[in-house]
Every structure is written in C-alpha cells, then in structure tokens.
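Visitor: I'm new to this one, and I'd like a close look at a single part. Could you pick a sheet and walk me through what surrounds it?

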Amino acid sequence: MSIYAILQLDKKVVVNELADKFGVTKMTIRRDLSFFEKQGIVKTTYGGAYLTSGASVEPSFQLKSIQMVDDKHLIGQKAAGQVEDGDTIIIDCGTTPLALAQFIFDKKIMVITNSVPVVNLLKGRKNIKLIVAPGEYEDDSQGMISFSTADFFRHIHADKVFLSTQGVNELGELTVPKMTDAHVKQALMRAGRQKILLADRSKFGQTFLAGHGRLADFDLVISQTGLPPDTLSLMKTQNVPLLLADRHL
C-alpha cells in the first residue's frame, strides 16, 4: 500500500511510522509528503501530514496511478469478466478503468473512450474497434473532459459503460473535484444501457465538489471488502448489486 493510499484511508500519517513501515529514511518520507503538499493534496505538520479536505482538490494522474495499484488490478480483472464478445462498451477516464482495459485484449468488441491511456493501450488491436471521444484534453484525467465531450456521448448508445469516480459519500452520492468532469460522467452514464461502477475502497467516505450520480443509478458496483457499513446497508436497501474483487475470491 502506498503512502497516499494510507493517507486516504487514515486521513493522517506520522513520518517515523512510515519510515519504519517502508524501510526508508525519514528524509525520503518528508520528500514524498512535500511532493503531495505541492499538489495541494496534504498539509505537512511537525512529524507528519494530514489529508486536505478541499472539495475541489484533485490528485494528478501520476499520483493516482501509484495509489491502490493491486486493488485496481483486481477490480479491472473482475470487470473484464463482464465484457462479452460483440459488446460495445464505454471506458471512462481514470486509473481503475485503465486497469480494466489491460484485461480485454482478446475480446472482439467496440470500445468508445475519452481516455488517452486507454487509447494507447488498445490501439492497433485488430479485434477491437476503437472510437475516441473528442474534446479538450485535461491532464489530471489524461483524457478529453469538456462540454463537447459530453455532447458527443449524448448521441452514443452502448451496451455497457464502465465508470470511475473520485468519491462516494455516506448518502451514496458520487462526486468529483471538477464540474466539467461531473458533466462528462453524467453523459457517459446516459450513454450505456448497463452501468457499472469501478471503485476501490479508498473512494468511499469521500466527498468532492461536483456530484455526477448515485449508487442507486448503477446496475453493478465492483469494489472490495472493507466498505463502510453504512454504504453496504444503503446498497442492500436500494438493491444495488456488489461484486467483490478480492484476491481470495
């Protein structure tokens, strides 16, 4: 588990404890925390750091790509089991949907995406027809995030959409730091007949600026054990199917 993953789960960290856990010097830990602070993700204190609560703060794609790596890998692998030959699927921006793309190389499908890393991963594969959404490139998402992107997806009717989010709060609301991103995600959701959410456990209990849906909007949520009890109760009440992607399952 990375330093940032620990921060997301525990909300604060102690330099000495991290140095012992990872077997590195305290200077190395302070350097990493300083990197996070420059992105506006954490505030450093004497001997540690805590996660900032800014609703509009979004980690860089680089930082997200090293967070919960094994968990995202398992979620992506489990999600690939939902993809069948002949499907037309939409893959959202984000590091967890990117993990899904790594497990569909052998599928005979059409993929529509606004994610540049997904395009780079799937391009040139003769069994996959690839359609790239237009729009303005946004570096934090490494994809097309703009009103023209949302307008493109309004005219799409796919079999399945695989969506990511930055936070799921105790009311089951899905949120992201940027309003334009929320607008695009809403359009993606409407474009897919079956809506599938991919979210590791660090996303739950988080709230950001802009809402783009609710857990009840999804036909399937793929995550892991360790979700907040209130969230599990809410999903059960609203009949939202949960598929666990744990190593032992």
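Guide: Happy to, and keep in mind as we go that this is a predicted model. Let's start with helix α2, residues 15-22, which lies across β1 and β3. Set against β1, helix α2 runs at about 75 degrees. There's another helix to look at here: α3, made of residues 26-38, packs on the sheet and touches β1, β2 and β3. Compare directions and you'll find that α3 makes about 135 degrees with β2.

Now for the sheet itself. It's an open one built from three strands, and if you read across it the order is β1-β3-β2, with antiparallel pairing. So which strands are at the edges? Those are β1, at 12-14, and β2, at 42-45, and each of them pairs on one side only. Going from one strand to the next, the twist averages 20 degrees.

Zoom in on the pairing of β2 with β3, where β3 covers residues 48-51. These two strands are antiparallel and share four bridges. If you want one spot to find on screen, try Thr44: its bridge partner in β3 is Ala49.

Put those pieces back together and you have the part I'd show a newcomer: strands in the order β1-β3-β2, helix α2 lying across β1 and β3, and helix α3 touching β1, β2 and β3.

Conventions
Residues are numbered from 1 along each chain as its sequence is written. This is a predicted model: local features need pLDDT of at least 70, side-chain atom pairs count only at pLDDT 80 or more; totals for chains, interfaces and linings use all residues. Side-chain values use heavy atoms; hydrogens and water are left out. Two strands pair if DSSP finds at least two bridges between them. Axes are lines fitted to C-alpha atoms, for helices over the stretch in contact, and angles run from 0 to 180 degrees between N-to-C directions. Contact means heavy atoms within 4.5 Å.
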